[in-house]
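Please look at the sequence and the structure shown here. A report under short headings follows.

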There are 2 protein chains.
Amino acid sequence: MAEESTTSAPPALSVDVAALTELLDGRYADVRRTVRDLLPSYASVLEDAETMPKEEFRERVREVVLEIASTGAVGMGFPKEYGGGGDIGASIAAFETLAYGDLSVLVKVGVQFGLFGGAILQLGTKRHHDAYLADLIAGRLLGCFAMTETGHGSNVQALGTVATYDPDAGEFVITTTTPSAGKDYIGNAAKHARVAVVFAQLEVAGEGHGVHALVVPLRDESGVTLPGVRIEDDGQKMGLNGVDNGRIWFDGVRVPRESLLNRFADVTEGGEYVSDIESSGRRFFTMLGTLVQGRVSVGAAGVSASKVALTIAVRYALQRRQFDTGADDGAEQLLLDYGLHQRRLLPRLARTYALHFAQEVLASRLHDVFSGITPDDESRQLLESRAAGTKALSTWLATDVVQECREACGGAGYLAVNRFAALKADTDVFTTFEGDNHVLLQLVGKGLLTNFSSDFSDLDQLGMVRFVAGVAVETVLERTRAHRLLQSIRDALPGGGDSWDTDSGLRDPQYHLAMYRFREEHRIGGVARRLKRGIDSGMNPGEVFSRVQDHVIAAARAHVERIVLEAFVEKVAAMEDGDLKLTLNAVCDLHALAGIEADAAWFIEHDRLSTQRSKAITREVGDLCRRIRPVARELVDGFAVPEALLRAPALISGESA
Amino acid sequence: MAEESTTSAPPALSVDVAALTELLDGRYADVRRTVRDLLPSYASVLEDAETMPKEEFRERVREVVLEIASTGAVGMGFPKEYGGGGDIGASIAAFETLAYGDLSVLVKVGVQFGLFGGAILQLGTKRHHDAYLADLIAGRLLGCFAMTETGHGSNVQALGTVATYDPDAGEFVITTTTPSAGKDYIGNAAKHARVAVVFAQLEVAGEGHGVHALVVPLRDESGVTLPGVRIEDDGQKMGLNGVDNGRIWFDGVRVPRESLLNRFADVTEGGEYVSDIESSGRRFFTMLGTLVQGRVSVGAAGVSASKVALTIAVRYALQRRQFDTGADDGAEQLLLDYGLHQRRLLPRLARTYALHFAQEVLASRLHDVFSGITPDDESRQLLESRAAGTKALSTWLATDVVQECREACGGAGYLAVNRFAALKADTDVFTTFEGDNHVLLQLVGKGLLTNFSSDFSDLDQLGMVRFVAGVAVETVLERTRAHRLLQSIRDALPGGGDSWDTDSGLRDPQYHLAMYRFREEHRIGGVARRLKRGIDSGMNPGEVFSRVQDHVIAAARAHVERIVLEAFVEKVAAMEDGDLKLTLNAVCDLHALAGIEADAAWFIEHDRLSTQRSKAITREVGDLCRRIRPVARELVDGFAVPEALLRAPALISGESA
């Protein structure tokens, strides 16, 4: 700390909260405001989550979801002709804002409108849209999305449920073939769903065609389970107990041929399987790709949960005093004036901003792809990769931020009357659902190694190993040549890299980006080299993959970190000059440098950071925390979490401790 | 991965589970077995925690605690003449083992026998022992430990409750002076406690003497709150809902003079305050020091919770298959055969072993100090520091391990029927109670900087800053001279340090220890230098402390990491040669190297690690994971968590997925 900075002291920061909120709200400010205005009416659900028995709370959440549906706030992504809003970007903005409130409500909305409704919309054709969309948007028909099985969570291509076509009856026969093929953790299944979109191995005339989706009725109008269907309650969960998750088994359940969601493949009246996509793997991933909105939404919810937690923890740290300050009046010091407390909260606040802007870019890409603005294959592939990667980082952010904020609020954070208990329990599973984060990053890694070519979308892990170790290795290595990358960092440094050991340029976003890009490219190249060496040494592909797996994950993570930082840097660069830009510049610097600091060993090992400069970065992170400290309150107020939703009476009530 | 190791392939590992359990059980094998045999009878409490309403569950937990008390399993630390077992070490072993079961039961045991009973025993004298011990050990008298206040969690010297001596009546008058001085989060207070040990500022004849403890009745025999006492329920919590935490306010409650727990200070019949310890700060810390068993116990519980989580996650990873292996039979690969999964679970398993042995040493030191074997001041000071530091690391371990294990078990880990939900919710507050972990590490840091001299035990943060920056700085720097430390690392390397850049010596525990010691000493010296520079530059001590705080924490952490590693290394070194020693050697190496890897940037920045050797350590961690993988099941089975307590039917039922 006592090393003097070589640069002159930067100006003090100030923030106009309303302008900050406007910036964060972006294109869909109206939608976000509408949902923020709506949410306080349902603030009591936060208390109900704590006090109501499970069954009662499930009914309460169902009611709230239906009420919210009646406002139109959750059907924005559906076509107007069925009562939707016809704007996908708006639907993401609404969902993201809804995540300030109770998360059982949010997840039940996600199950009904995102997963169930999304599958009908994206995998079905007009006959399904006409039959279901208007009812499901209005909440008259509740459904579920039955993909995951007890034995198959991540490897959904290997599902064990089978749909066999019976040409004589013109029907599919749905069967759960083994105990581990039972559908499991299916939201809405235990109580409320009347129909399910069921994912099953399609068999036509003795031939398997891979996993397809069919609409299968589960219950009659009065809620009684239909013959051949067996449903069991998943029971109490760590959190999200307003959502009725359950297991479903099918014993020869028959549905008409038209139940097949047939946008990408069909069975003709004559009993013939037809599809424009030849490879069954590629067909399946094309289907899955249309459901990408779910991942975008969960990531958005993770960022919103982080905002709620940080709002509470920062405000608490600005009320709570601890220990003697040494001042004459003997007053204790505010928690947030402690260097350690700043270190715990402010880089996490900066990272939450980064992921907010990354989610904004992602939602905009989603909108463009699904609104026909950029419907090409490449845009789709990039969207899917970006969605998978951002989901992983945003949900890990939530787990990390909620935990740290709880600890930073001490014992009071442990009381259920404060929101941390629910936030922690409810967000815990975000890292798992809509795809386990590690599996998602593997998917991103595969895309990076195969250059996102859709020709390889159906490669499994081992196919990927063989492909990259074979023909692709040269291409990947050429793309990631170290000298080219190195030059880009040199160019970003003042004096073309001569000032390697000084503090200068530490706050230059071009330097940050060059570092993040170097790491990404070098990591990808490293994986390609390792795969090739492994195969060349005669190891079997499974063993090669097992050994390289953590490098694949690290490469994918480096890739996503880079696009997240880019989103933040570009956002700030596009702002008008002024106080707000100055502040967000500092927040962006803090995010970027804290990221380099956290991975400093790697940068040093790869000669991209001198030990002197590494220490300078650590000092700079501390300096930035101190610089941002005076506007910490404004930075969380900018999130505009409605006061009624903070629910932290033991933490941020009127009384200063 | 394809870099060939320069050393020859080490022999395959094998483990005799019974022998491993015997080793882990150590000196108190009988006690541990007794508790393990007892626990399955109470396995149903795990289900009750999920299904019973709060009030009912509280009563259930109370019953179980009383039943367990009747077996004598929880009174082992009390003197035999009052019905205890007279063996402090045994009481820690029992508590640690009890932590395999429901944690509400554990914490209620801790409140009654550790906190309440411990305060009576340690702060009281014969009159209090005679009056209370027999009843409280038998569970006939339930009590609580009323220290924490709403406004004062960490800085307990600043408590706002006041006990004023009324010489005419020969009574103390207990008063809650402000809203923030209400006692809060007090276990047993909301329902079951009939008396409280209340910590309050003692005022005698208009003079304040600092915080003292008094026995204050709260409720009559029938459970009705007494006049002047107001109690409020803290309500639902994130977890531990079988413990009835509450708030207590006192409005002029009168207790006789003899209620003062007078081991360290007293008020005479004549109304005179007397104490052998002159400084009120030192007196208070002496009192607190006698309560160190609570910290030892919570740390032990953290390690036990980690063992339960790892047992479930490792067994799940040895049943669950995922994705194609590329083998001819098309079988999916076991989760634990994936490199990434090994990386997620096995270093955490190794660290759990390390903290097990660190807790064993700590419990033994506690026993020696409190059994009169090493009752000297220095042993006490070292014990308190070790207890504070180990508590922080053991409870952070639990938070980290439980979270990673939950994620590694996917969606099934989220169901309340599996233990993760309860483990996560119940252990969350371990990092906060018995002292916030960061505050505890600050305490450790203060001890390091003042050389654990009891003369400075009452220095506050700012006193510490002034003291170290002044006279102590030279002493600290002399103790931590870099050249001396450096030499010890050189000596540990083959060829006296010439082999700096090779893989050799990577598995030498002396090398690991030298690295950990260097980091510790260098970090301590760095803090001293920073404090001095800060004060010399004219900054006020509060600002200096704020800026140096994260360095203090880092130094303390480095210190505790070193003593943890030492405990592990010494344990293994003392073992007879054989398979078990070979295995634990590998586990110890994995722990040590994963620790260096996690802090590689620091070691490189301080010239203690070349980038080549840093990369070699990363490879070695991967190699060790692969080497330990075949005995992973045995390593968790050695913990001997009773099968009935695993409660993970959706994860490790008979059926292989």
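## An enclosed helix in chain B

In this predicted model, the buried residues of helix 5 of chain B are I88(B), G89(B), A90(B), S91(B), I92(B), A93(B), A94(B), F95(B), E96(B), T97(B) and L98(B). Helix 5 covers residues 88-98, and 11 of its 11 residues are buried, so the helix is largely enclosed by the rest of the structure.

What lies over these residues? The cover includes four helices of chain B: helix 2 (29-38), helix 6 (103-123), helix 9 (293-317) and helix 10 (339-370).

## Confidence in the model

The model has an ipTM of 0.92 and a pTM of 0.94. The average pLDDT of chain A is 91, and 92% of the residues reach at least 70.

One stretch scores low: over residues 1-6 of chain A, pLDDT stays under 50. The model gives this stretch 15 contacts beyond four places in sequence. Where pLDDT is low, the predicted coordinates should not be read in detail.

## The make-up of chain A

Chain A contains 23 helices and 12 strands. Its radius of gyration is 26 Å, close to the 26 Å given by the globule rule for 657 residues, so chain A is as compact as a globular protein of that length. Along the principal axes, the C-alpha atoms of chain A fill a box of roughly 90 × 65 × 40 Å.

Of the 657 residues of chain A, 58% count as buried. Contacts in chain A can also be sorted by separation in sequence: among those between residues at least 6 apart, 75% join residues at least 24 apart.

## Helix 16 and the residue after it

Helix 16 of chain A (residues 509-536) has 28 residues, which at 1.5 Å a residue should span 40 Å. The C-alpha atoms at its ends are 40 Å apart, and this agrees with the expected span. Just after this helix, G538(A) has a positive phi of about 90 degrees.

## How the two chains meet

How many residues of chain A are in contact with chain B? There are 73, and they are in contact with 74 residues of chain B. Helix 17 of chain A (residues 541-573) gives the most to this side of chain A, with 8 residues. By class, the side of chain A that touches chain B has 24 nonpolar, 29 polar and 20 charged residues.

Two copies of a chain are related by a rotation about an axis and a shift along it. Here, a turn of 180 degrees with a shift of 0.0 Å along the axis lays chain A on chain B with an RMSD of 0.0 Å. That is the relation of a two-fold axis. The same surface serves both copies, as 100% of the contact residues of chain A recur in chain B. Of the residues of chain A, A601(A) comes closest to the rotation axis, with its C-alpha at 2.0 Å.

## Two buried residues

L423(B) is placed in helix 12 of chain B (residues 420-427). It has 26 C-beta neighbours inside 10 Å and therefore counts as buried. Leaving aside neighbours within four places in sequence, L423(B) is in contact with A305(B), V308(B), A309(B) and V402(B). The C-alpha atoms of L423(B) and F545(B) are separated by 36 Å, with their places 122 residues apart along the chain.

W249(A) lies in strand 8 of chain A (residues 246-256). With 20 C-beta neighbours inside 10 Å, W249(A) also counts as buried, because 20 or more are enough. Beyond four places in sequence, its contacts are T176(A), G182(A) and R230(A). W249(A) and M515(A) are 266 residues apart in sequence, and their C-alpha atoms are 51 Å apart in space.

## Two loop residues with positive phi

Most residues other than glycine have a negative phi. L240(B), which is not glycine, has a positive phi near 55 degrees. This residue sits in the loop between strand 7 (229-233) and strand 8 (246-256) of chain B.

D607(B), also a residue other than glycine, has a positive phi near 60 degrees. Its loop runs between helix 19 (600-605) and helix 20 (611-628) of chain B.

Which of these loop residues is buried and which is exposed? L240(B) counts as buried, with 27 C-beta neighbours inside 10 Å, whereas D607(B) is exposed, with 11 other C-beta atoms within 10 Å.

Conventions:
Residues are numbered from 1 along each chain as its sequence is written. Chains are lettered from A and ligands numbered from 1 in the order in which they are written. This is a predicted model: local features need pLDDT of at least 70, side-chain atom pairs count only at pLDDT 80 or more; totals for chains, interfaces and linings use all residues. The expected span of a helix is 1.5 Å times one less than its number of residues. Two residues are in contact if their C-beta atoms, placed from the backbone, lie within 7 Å. Ala, Val, Leu, Ile, Met, Phe, Trp, Tyr, Cys and Pro count as nonpolar, Asp, Glu, Lys and Arg as charged, and the others, Gly among them, as polar. Copies are superposed by least squares on the C-alpha atoms of residues with pLDDT of at least 70 in both. The radius of gyration is taken over C-alpha atoms; the globule rule is 2.2 Å times the number of residues to the power 0.38. A residue is buried if 20 or more other C-beta atoms lie within 10 Å of its own, exposed if 12 or fewer, and partly exposed in between; C-beta atoms are placed from the backbone. pLDDT is the predictor's confidence in each residue, from 0 to 100.
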